[in-house]
Structure formats: structure tokens, C-alpha cells
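Could you walk me through this model in the viewer, one selection at a time? I would like to know what to pick next and what I will find there.

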Amino acid sequence: MAQKRKTHTEAFKARVAVEAIKGVRTLSELSAAHGVHPTVIAHWKRQLLDGAPEVFRRGLGGPGRSEEVVTAPLYQEIGRLKMELEWLKKSSERVAGGPTRLVARGVHDGVDGTTVCVGGRGPLDALL
């Protein structure tokens, strides 16, 4: 029966490739230490060296760009929520103290299907 292929994590591959780049030990020594064929280690080393410039690239499609794509909608949402909060604050300031009646439809506690809630000033008071 055939053996199952080994799968190595990216962190393991990077660690072994960095050791190969340092050159402190030969590929054969690294192979014996980590249980990976020397050709595979040489391939990981080449991948790391070929991909190194990508780490420092600051252009379109680089890491900075994807971060901007993710954060832009979040900043828009924050701005919208701030504007909504300011509007609610200003509207609630117009309502001068005292109890407020809030009528909610669809709750069948009253005769005509309305419920009347009486309370102090709150965030929903400005909507009346």
C-alpha cells in the first residue's frame, strides 16, 4: 500500500528555507534533520528567494492596496454612524425634558392594538 504524502505548513517550509539560505548546514544535513528530501528543500529555498521582492513591493495589488480595500467601507460606515449619532443628539436636544409617549403598533395590549410606553428622555424620544 502506498504511503500518504506529507503536507508541511507554510511556517515549517519558511523555517527550513531560511536555514538553507543561511548556509550554516548543507542540504543533506537539513534533509536529515527535518526529514525532507534535499531537492524539496532546494525548491523551497528557490521559492523564498523568488518571492522575497513581493514582500517589499508597494504598488498596485501589494499588501497596502488590499488593506485599503478592506478598510474603506469600514471608514464609510463609521462616518455614516457618526452623522446619524449627531443627528439623534441634536434632535433629542430639541425635545425639552419631561415624559415622552412612544406608541408601538402591532402589540395587542390596548383596545385598538397599540401600547403606550411612558418614560424619561432616551434615544428614541427625538423621533416623536
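Start with the whole chain on screen: of the contacts between residues at least 6 apart in sequence, 41% join residues at least 24 apart. Keep in mind as you look around that this is a predicted model. Its mean pLDDT is 77, and 67% of the residues reach 70 or more.

Now switch to a cartoon view. You will find four helices and two strands, and reading from the N terminus the order is α-α-α-α-β-β. Of the 128 residues, 14% count as buried. If you turn on the surface, the accessible area comes to about 10,600 Å², with 60% of that area belonging to carbon and sulfur atoms.

**Stop 1: the nonpolar core**

Select Phe-12, Val-16, Ala-17, Ala-20, Leu-30, Val-36, Ile-41 and Trp-44 and show their side chains. These eight residues form the largest nonpolar core of the model. Two elements, helix H1 (10–22) and helix H3 (38–56), give two or more residues to this core, and H1 gives the most, with four. As background, nonpolar side chains in soluble globular proteins tend to be buried together.

Center the view on Ala-20 next. Setting aside residues up to four places away in sequence, Ala-20 touches Leu-27, Leu-30, Ile-41 and Lys-45. Two of these partners, Leu-30 and Ile-41, are themselves listed in the core.

**Stop 2: His-8**

Move to His-8, in the segment before H1. Is His-8 buried or exposed? Neither label fits: its relative accessibility is 25%, so His-8 counts as partly exposed. Show what surrounds this side chain, ignoring residues up to four places away in sequence, and you will see His-8 touching Lys-13, Val-36 and Trp-44. Val-36 and Trp-44 also belong to the core you have just selected. For a distance label, pick the C-alpha atoms of His-8 and Val-36: they are 9.8 Å apart, although these positions lie 28 residues apart in chain numbering.

**Stop 3: Ser-31**

Select Ser-31 in helix H2 (residues 27–34). Its relative accessibility is 15%, below the 20% cut-off, so Ser-31 counts as buried. Which residues does Ser-31 contact, beyond its neighbours within four places in sequence? The partners are Val-36, His-37, Pro-38 and Ile-41. Val-36 comes up again here, having already appeared as a contact of His-8.

**Stop 4: a nonpolar patch on the surface**

Bring the surface back and color Val-18, Ile-21, Leu-48 and Leu-49. Together they make a nonpolar patch of about 270 Å². Helices H1 and H3 each supply at least two residues of the patch, and these two helices also contribute to the core. Take Val-18 as an example: it is found in helix H1, and with a relative accessible area of 36% it is partly exposed.

**Stop 5: salt bridges**

How many salt bridges does a search of the whole structure find? The search returns four.

Begin with Asp-50 and Arg-46, whose closest N and O atoms are 3.6 Å apart. The two residues are four apart in helix H3, so about one helical turn separates them. Arg-46 is partly exposed, at 48% relative accessibility.

Then jump to helix H4 (residues 63–94) and select Glu-77 and Arg-80, which lie three residues apart, about one turn of the helix. Their salt bridge has its closest N and O atoms 2.7 Å apart. Both partners are partly exposed: Arg-80 has a relative accessible area of 41%, and Glu-77 has 37%.

Keep Arg-80 selected and add Glu-84. The side chains of Glu-84 and Arg-80 meet in another salt bridge, at 3.0 Å from N to O. They are four residues apart in H4, so they too are separated by about one helical turn. Glu-84 is partly exposed, at 40% relative accessibility. Through shared partners, Glu-77, Arg-80 and Glu-84 are joined into one network.

**Last stop: residues 98–104**

Color the model by confidence and go to residues 98–104. Here pLDDT stays under 50, and the model has 23 contacts beyond four places in sequence for this stretch.

Methods:
Residues are numbered from 1 along each chain as its sequence is written. This is a predicted model: local features need pLDDT of at least 70, side-chain atom pairs count only at pLDDT 80 or more; totals for chains, interfaces and linings use all residues. Side-chain values use heavy atoms; hydrogens and water are left out. A nonpolar core is a set of buried Ala, Val, Leu, Ile, Met, Phe, Trp, Tyr and Cys residues joined through side-chain atoms within 4.5 Å. Buried means under 20% relative accessible area, exposed over 50%, partly exposed in between (1.4 Å probe, protein chains only). Contact means heavy atoms within 4.5 Å. pLDDT is the predictor's confidence in each residue, from 0 to 100. Patches are made of residues with over 30% relative accessible area and no salt bridge: like charges are joined within 9 Å, nonpolar side chains (Val, Leu, Ile, Met, Phe, Trp, Tyr) within 5 Å. Accessible areas come from the Shrake-Rupley method with a 1.4 Å probe; for residues, only the protein chains shown count as cover.
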